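Which cysteines are buried, and what lines the cavities? Keep both topics in mind as you look at the structure below.

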Amino acid sequence: MKVLKFKTVSLLGWSDGGITALIAAAKYPSYIHKMVIWGANAYVTEEDEMIYQGIRDVSKWSEKTKKPLETLYGYDYFSKTCEKWVDGITQFKHRPDGNICRHLLPLVQCPTLIVHGEKDSLVPRFHADFIHKHVRGSRLHLMPEGKHNLHLRFANEFNKLAEDFLQ
């Protein structure tokens with residue numbers, strides 16, 4: 001952001017991008033104006049590891065979910081990348097409290113909107129609640145029919161929510 005000569009920016013982060021946004025907001029508070037995150041977690045639990053192991057083998061995914069990614073990346077690359085992601089994210093479970101960035105949450109100073117899909121099978125609700133509790137002044141918005149990809153499935157609702165928050 002310094003090189004691009006931006007004085008402040010707003011961040012939107014989904015899933016691992018939400019984790020990245022939380023870390024950036026905590027480490028560089030003077031650069032972050034506002035932040036919207038969804039599908040993010042600040043730590044990894046045993047329950048999370050079971051969920052992650054359940055998605056390791058992409059051949060078991062539904063065609064609807066798998067096909068666009070296979071088309072974009074090719075089956076081998078997509079499959080190996082998913083396996084490596086599961087291996088990587090589960091390493092956090094071995095850290096104290098499964099910490100990814102939970103220790104940084106109290107350092108976030110910008111207005112923060114946390115959006116969570118109540119039907120997100122990849123990131124359980126307790127993660128959104130934890131982030132909301134530990135990011136001072138944050139807002140939590142629940143989407144009853146939302147899943148992990150709620151920004152795609154409910155694009156109009158999500159975009160309006162994000163735009164209204166960011167103004």
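Start with Cys101. Its relative accessibility is 1%, so Cys101 counts as buried. Bear in mind that this is a predicted model.

Cys110 is buried as well, with a relative accessible area of 5%. Now look at the sulfurs. A disulfide is a covalent bond between the sulfur atoms of two cysteines. The cut-off here is a sulfur pair within 2.5 Å. For the sulfur of Cys110, the closest cysteine sulfur is that of Cys101, and it lies 13 Å away. That is too far for a bond. Seen from the other end, Cys101 is in no disulfide, and its nearest cysteine sulfur belongs to Cys110. The count for the model is zero disulfides.

Turn next to the enclosed space. The model holds two cavities of 30 Å³ or more. The largest has a volume of about 40 Å³. Its lining consists of Ser15, Asp16, Gly39, Asn41, Tyr52, Trp85, Leu122, Val123 and His148. By class, that lining has four nonpolar residues, four polar and one charged. The charged one is Asp16.

The second largest cavity contains about 30 Å³ of space. Gly39, Ala40, Ile114, Val115, His116, Val123, Ala128 and Ile131 line it. Gly39 and Val123 appear in both linings. Which elements each supply at least two residues here? They are strand S3 (112–117) and helix H5 (125–134). S3 gives the most, with three residues. The lining of this second cavity divides into six nonpolar and two polar residues, with no charged ones.

Key: Residues numbered from 1 in each chain as written. Predicted model: local features only at pLDDT ≥ 70, side-chain atom pairs only at ≥ 80, totals over all residues. Heavy atoms only, no water. Buried < 20%, exposed > 50% of the residue type's maximum accessible area, 1.4 Å probe, protein only. 1 Å grid on protein atoms, 1.4 Å probe; cavity = no way out; pocket = protein on both sides within 12 Å on 5 of 7 lines; lining within 4 Å. Points joined across faces, edges and corners; volume = space filled by probe spheres on them. Helix = DSSP H or I, 4+ residues; strand = E, 2+ residues; numbered from the N terminus.
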